[in-house]
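Biologist: I would like to go through this model term by term. Please say what each word rests on.

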Amino acid sequence: MNVGDRVSWDTPQGRTQGKIVEKRTKDFTLAKQRWKASADEPKLVVESEKTGARAAHEPSALRKLKS
């Protein structure tokens, strides 16, 4: 998956969708939460289409949508 791809993911409120806005390969903090990332285990930052909120996910937690 690449930056700009539309994806969906699970939330406590149900499945939501948005787009990948960043691929992180170094440790970072997002929304007061610390994330470990590396070139071998990157994290993808997604932005919700509905709320504009951003969250980080493992690539395996995302499902690519058709454009």
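Modeller: A strand here is a DSSP run of E with at least two residues, and strands are numbered from the N terminus. With those names, Ala37 can be placed in the loop between β4 (33–35) and β5. Keep in mind that the model is predicted.

Biologist: Is Ala37 called buried or exposed, and what makes it so?

Modeller: The relative accessible area of Ala37 is 10%. Buried means under 20%, so Ala37, at 10%, is buried. Its C-alpha lies 16 Å from that of Val21, and the two residues are 16 apart in sequence.

Biologist: What makes Ala31 exposed?

Modeller: Ala31 has 65% relative accessibility. The cut-off for exposed is over 50%, so Ala31 counts as exposed. Ala31 lies in the loop between β3 (28–30) and β4. Lys32 is found in that loop between β3 and β4 too, and at 85% Lys32 is exposed by the rule of over 50%.

Biologist: What is said about phi in Ala31 and in Lys32?

Modeller: Most residues other than glycine have a negative phi. Ala31 is not glycine, yet its phi is positive, near 55°. Lys32 is also a residue other than glycine, and its phi is positive, near 65°.

Biologist: Why is the pair of Phe28 and Trp35 called stacked?

Modeller: Two numbers are needed, the distance of the centres and the angle of the planes. A search of the whole structure finds one aromatic pair. In it, the ring centres of Phe28 and Trp35 are 6.4 Å apart and the planes stand at 15°. Rings pair if their centres lie within 6.5 Å, and planes under 30 degrees apart count as stacked. Both values pass, so the pair is stacked. Phe28, at 4% relative accessibility, counts as buried, and Trp35, at 18%, is buried as well.

Biologist: How do you know that the charged end of Arg24 sits over the ring of Phe28?

Modeller: The distance part can be shown here: the charged end of Arg24 is 4.6 Å from the ring centre of Phe28, and the cut-off is within 6 Å. The rule also asks for a direction within 35 degrees of the ring normal, and the program that applied it lists Arg24 as sitting over the ring.

Biologist: How do you know that β2 and β5 are paired?

Modeller: Strands pair if there are at least two bridges between them. Six bridges join β2 (residues 14–24) to β5 (residues 43–48), and these strands run antiparallel. Among the matches, Lys23 has Leu44 of β5 as its bridge partner, and Glu22 stands opposite Val45. On the other link, β5 and β6 are joined by four bridges and run antiparallel, with Val46 opposite Ala55 in β6.

Biologist: What makes β6 and β7 edge strands?

Modeller: The sheet is open, with five strands in the order β6-β5-β2-β1-β7. β6 (54–57) and β7 (63–64) each have a single partner strand, so one side of each is left without a neighbour in the sheet.

Biologist: Why is β5 called largely enclosed?

Modeller: Five of the six residues of β5 are buried, so β5 is largely enclosed by the rest of the structure.

Biologist: Which strand gives the most to the lining of the largest pocket?

Modeller: β2 does, with three residues. The largest pocket has a volume of about 220 Å³, and its lining by class has three nonpolar, six polar and three charged residues.

Methods. Residues are numbered from 1 along each chain as its sequence is written. This is a predicted model: local features need pLDDT of at least 70, side-chain atom pairs count only at pLDDT 80 or more; totals for chains, interfaces and linings use all residues. Side-chain values use heavy atoms; hydrogens and water are left out. Rings of Phe, Tyr and Trp (its six-membered ring) pair if their centres lie within 6.5 Å; planes under 30 degrees apart count as stacked, over 60 as edge-to-face and the rest as tilted. Buried means under 20% relative accessible area, exposed over 50%, partly exposed in between (1.4 Å probe, protein chains only). On a 1 Å grid over the protein atoms alone, a cavity is a set of points where a 1.4 Å probe fits but cannot get out, and a pocket is an open set with protein on both sides within 12 Å along at least five of seven lines; lining residues have an atom within 4 Å of a point. Grid points are joined across faces, edges and corners, and a volume is the space filled by probe spheres set on the points. Ala, Val, Leu, Ile, Met, Phe, Trp, Tyr, Cys and Pro count as nonpolar, Asp, Glu, Lys and Arg as charged, and the others, Gly among them, as polar.
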